[in-house]
Amino acid sequence: MNLSYESHGTGEPLVLISGFASGAWIWFEQIEELSRHFQVITFDPRGVSRSKFEITETPLVSIQLIAEDICQILDELGIEKANVLGTSFGGFVAQEFALNHANRLNKLILACTSFGGQNHVPPSMEVLMSFASTDSLNSSERIRKYIQPAFTEEFRNNNQELVEKVCKLREENVVPETVYFQQLQSAMTFNKENDVSKIQAETLVITGINDKVVPMQNSVNLANLITNSKLEIIENGSHLFFIEQAPKFNEIITNFLK
C-alpha cells in the first residue's frame, strides 16, 4: 500500500481528513487530545508527503479516489465503521465518503467546508488567486503568503511561533505540483448541493465566523441541507480555527462523538 497512515489511541475509530494541499501533519493540535477518547486515524492523501504515488497527467488524485483510499485504510486496520471528520477540501472528501459508503460511517463532521457548485460562496479574488497559482509552490515565501489568510490577523500577531510551526510543517511535507493541480481541479468541479440531503448520519457542521478561505455562509448553507445536522459557529475563528482554538474545537468534537 502506497498510502502513509497512522493510528493513535484506542476506542471508537475517528478518521481525520486534511484540507487542500496538506496531510497528517496538520492535526498536531488534535492527535494527543482526541486519542485519549478515540482511535484517531490520520493519513497523507495520495501523492502528498509520505504517500508515494507516481502521479501522471492522467488524474490519479481526486476527491472520489481519496474517499476510496479511506476505505482501504479502514480495511487494513480491520475497521468496519468509523466517525469521519474532514476540513475544507477534506470536507469534500468526507461528503463523498458519506454518500458512497454510508454503511461504513458512524457520525460525520464537516469543518470549514462547502457543498461546492455554483452556489458555493467564494472568498475574495486575492485569496482565490493565491490558490490558483502554482509558482514556487513549495517555496518558503509562497507557503508563508498562502498561510496568512487562513489565520485571523490577531492570531498571527500574537502567536507567531505557532504560525511559523505550521509553515515549517508544510515546507517539510512536499506537495508535488501535479498533485496540487489535480486536487485543485477536483475541488473546482465538486458539487454535492443536490446530494447532501441524502446523508443520514448524524452530522456536525462547524465553522469559524472569520473564515476568509471558505466563508462561514457555506457551512450555514450546508447544515440547512443535511436533515440530521447541528451547526456550530466559532467566534473569532478563522479557516484554521482547529489550530487557533484547538482546546475548544477538540472539546466540541469529543462531546459530539460521545
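Take helices α5 and α7 to begin with: in this predicted model, α5 covers residues 140-147 and α7 covers residues 160-172, and their axes come within 10 Å of each other. They cross at roughly 130°. An angle of that kind falls outside the 65 to 115 range for roughly perpendicular and is not over 145 as roughly antiparallel would need, so α5 and α7 count as oblique to each other. As for the hand of this crossing, α5 and α7 make a right-handed one.

Now swing over to another pair of helices, α2 (residues 63-77) and α3 (residues 89-100). Here the axes are 8 Å apart and the packing angle is about 70°. That angle makes α2 roughly perpendicular to α3. The crossing of α2 and α3 is right-handed.

Next, the aromatic rings. A pair of aromatic rings is described by the distance of the centres and the angle of the planes. How many aromatic pairs does the structure hold? The count is nine. One of them joins Phe151 and Phe155, whose rings are stacked, with 5.2 Å from centre to centre and 15° between the planes. Both Phe151 and Phe155 are buried. For a contrasting geometry, look at Phe241 and Phe249: their ring centres are 5.5 Å apart and the planes stand at 75°, so this pair is edge-to-face. Phe241 and Phe249 are buried too.

Phe249 also leads us into helix α11, where it appears among the buried residues. This helix runs through residues 246-257, 12 residues in total, and spans 16 Å from first C-alpha to last, close to the 16 Å expected at 1.5 Å a residue. Alongside Phe249, the buried residues of α11 include Ala246, Asn250, Ile252, Ile253 and Thr254, with Phe256 and Leu257 towards the end of the list. Phe256 has a charged visitor: Lys107 lies over the face of its ring, 5.0 Å from the ring centre.

One more aromatic group is worth a look. Phe20, Phe89, Phe92, Tyr180 and Phe190 come together as one aromatic cluster. Of these, Tyr180 is a buried residue of helix α8. That helix takes in residues 177-188, and its 12 residues reach 16 Å between the first C-alpha and the last, again close to the 16 Å expected at 1.5 Å a residue. Which other residues of α8 are buried? Besides Tyr180, they are Val179, Gln182, Gln183, Leu184, Ser186 and Ala187.

Key:
Residues numbered from 1 in each chain as written. Predicted model: local features only at pLDDT ≥ 70, side-chain atom pairs only at ≥ 80, totals over all residues. Heavy atoms only, no water. Helix = DSSP H or I, 4+ residues; strand = E, 2+ residues; numbered from the N terminus. Expected span 1.5 Å × (residues − 1). Buried < 20%, exposed > 50% of the residue type's maximum accessible area, 1.4 Å probe, protein only. Phe/Tyr/Trp six-rings, centres within 6.5 Å; stacked < 30°, edge-to-face > 60°. Lys NZ or Arg CZ within 6 Å of the ring centre and 35° of its normal. Axes fitted to C-alpha atoms, helices over the stretch in contact; angles between N-to-C directions. Parallel < 35°, antiparallel > 145°, perpendicular 65-115°, else oblique. Left-handed = near helix turned anticlockwise from the far one by under 90°.
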